[in-house]
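Me: I'm new to this one. Can you walk me through it once it's on screen?

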Amino acid sequence: KFIKLHLVFDVKFDLRRKARLVAGGHMTDPPRDSTYSGVVSIRSVRLVLLMAELNNLEVKTADVGNAYLEAHTKEKLYIKAGPDFDELEGHTLIIVKALYGLKSSGARWHDTMFDTMRENGYFPCLADPNVWLKDRGEYWEYVCVYVDDLIICSKKPTEITDALMNEYKFKLKGSGPIKFHLGCDFFRDDEGNL
């Protein structure tokens, strides 16, 4: 199916500028399967952070940059290249990535993240499938996923972020100790409590 693309420009709350190529998903038929992209609940985040504190786990956050582009679309779509494509102008280009704006892109990213976590030995929590668990013998690791934002609780969280970047080529942004995540500020009090 033929669709159109357009650029969306935005100014973030910290005044950074952002541009994103967005597909005209309104031109596509609704998918038969889910359009769901996983979001961990705040209650689950609180419980995971409690478990991390009780087990002396390090808590890091990371954001998967351009997450949807890490997934492939199942929709059969194409565009006609315009003058912005230089020597490709006039060519028919097939869309293979789950571009922002497509109705199924959230679900395709969710599938990609699901497969990635499974390949690394994690399994989803029965109470909240966006909390991923892994038994390390001495302790349990936890990864909370809110679309493309991650909270990682582990004795060695850098191993997890390194695997995501090196093996899966995810572009992680803002990787570091938890300070601000999903609209909440995190800090340690005078006694060292999170």
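**Around helix α2**

Reply: The cover over the buried residues of α2 includes β3, β4, β7 (131-135), β8 (140-146), β9 (149-154) and α3 (157-166). Helices (H or I, at least four residues) and strands (E, at least two) are DSSP runs, numbered from the N terminus. This is a predicted model: local features need pLDDT of at least 70, side-chain atom pairs count only at pLDDT 80 or more, and totals for chains, interfaces and linings use all residues. Residues are numbered from 1 along each chain as its sequence is written, and side-chain values use heavy atoms, with hydrogens and water left out.

Me: Which residues of α2 are buried?

Reply: They are S105, G106, A107, R108, W109, T112, M113, T116 and M117. Buried means under 20% relative accessible area, exposed over 50%, partly exposed in between (1.4 Å probe, protein chains only).

Me: What span should α2 have, and what are its ends apart?

Reply: At 1.5 Å a residue, the 15 residues of α2 should span 21 Å. The end C-alpha atoms are 21 Å apart, which agrees. The expected span is 1.5 Å times one less than the number of residues.

Me: What follows α2?

Reply: G121 does, and its phi is positive, near 85°.

Me: Which residues have a positive phi although they are not glycine?

Reply: N56, at about 55°, and K169, at about 60°. Most residues other than glycine have a negative phi.

Me: Where are N56 and K169?

Reply: Both are in loops. N56 is in the loop between α1 (42-54) and β3. K169 is in the loop between α3 and β10 (171-177).

Me: Is N56 buried or exposed? And K169?

Reply: N56 is exposed, at 64% relative accessibility. K169 is exposed too, at 55%.

Me: Switching topic. How many aromatic pairs does the structure hold?

Reply: Six. Rings of Phe, Tyr and Trp (its six-membered ring) pair if their centres lie within 6.5 Å; planes under 30 degrees apart count as stacked, over 60 as edge-to-face and the rest as tilted. Take Y68 and Y100: the ring centres are 4.6 Å apart and the planes are at 10°, so the pair is stacked.

Me: Where do Y68 and Y100 sit along the chain?

Reply: The pair links distant parts of the chain, 32 residues apart. Y68 is in the loop between β3 (58-65) and β4 (72-80). Y100 is in the loop between β5 (92-97) and α2 (105-119). Both Y68 and Y100 are buried.

Me: Which charged end sits over the ring of Y100?

Reply: That of R20, 3.8 Å from the ring centre. A charge sits over a ring if NZ of Lys or CZ of Arg is within 6 Å of the ring centre and within 35 degrees of the ring normal. K155 also lies over a ring face, that of Y139, at 5.7 Å from the centre.

Me: Which residues form an aromatic cluster?

Reply: W109, Y168 and F170 form one. W109 is also among the buried residues of α2.

Me: Now cysteines. How many disulfides are there?

Reply: Zero. A disulfide is a pair of cysteine sulfur atoms within 2.5 Å.

Me: Why do C153 and C184 have no bond?

Reply: They are too far from other sulfurs. For C153, the closest cysteine sulfur is in C144, 6.0 Å away, too far for a bond. For C184, the closest is also in C144, at 12 Å, again too far.

Me: Are C153 and C184 buried or exposed?

Reply: C153 is buried, at 0% relative accessibility. C184 is partly exposed, at 28%.

Me: Back to β3. What does T61 touch?

Reply: T61 is in strand β3 and is buried, with a relative accessible area of 7%. Leaving aside neighbours within four places in sequence, T61 is in contact with L150, I151, G174, S175, G176, P177, I178 and H181. Contact means heavy atoms within 4.5 Å.

Me: And what does T73 touch?

Reply: T73 is in strand β4 and counts as buried, at 13%. With neighbours within four places again left aside, the contacts of T73 are I95, V96, K97, A98, L102, S104 and R108.

Me: How many helices and strands does the protein chain have?

Reply: Three helices and 12 strands. Buried residues make up 40% of the 194 residues.
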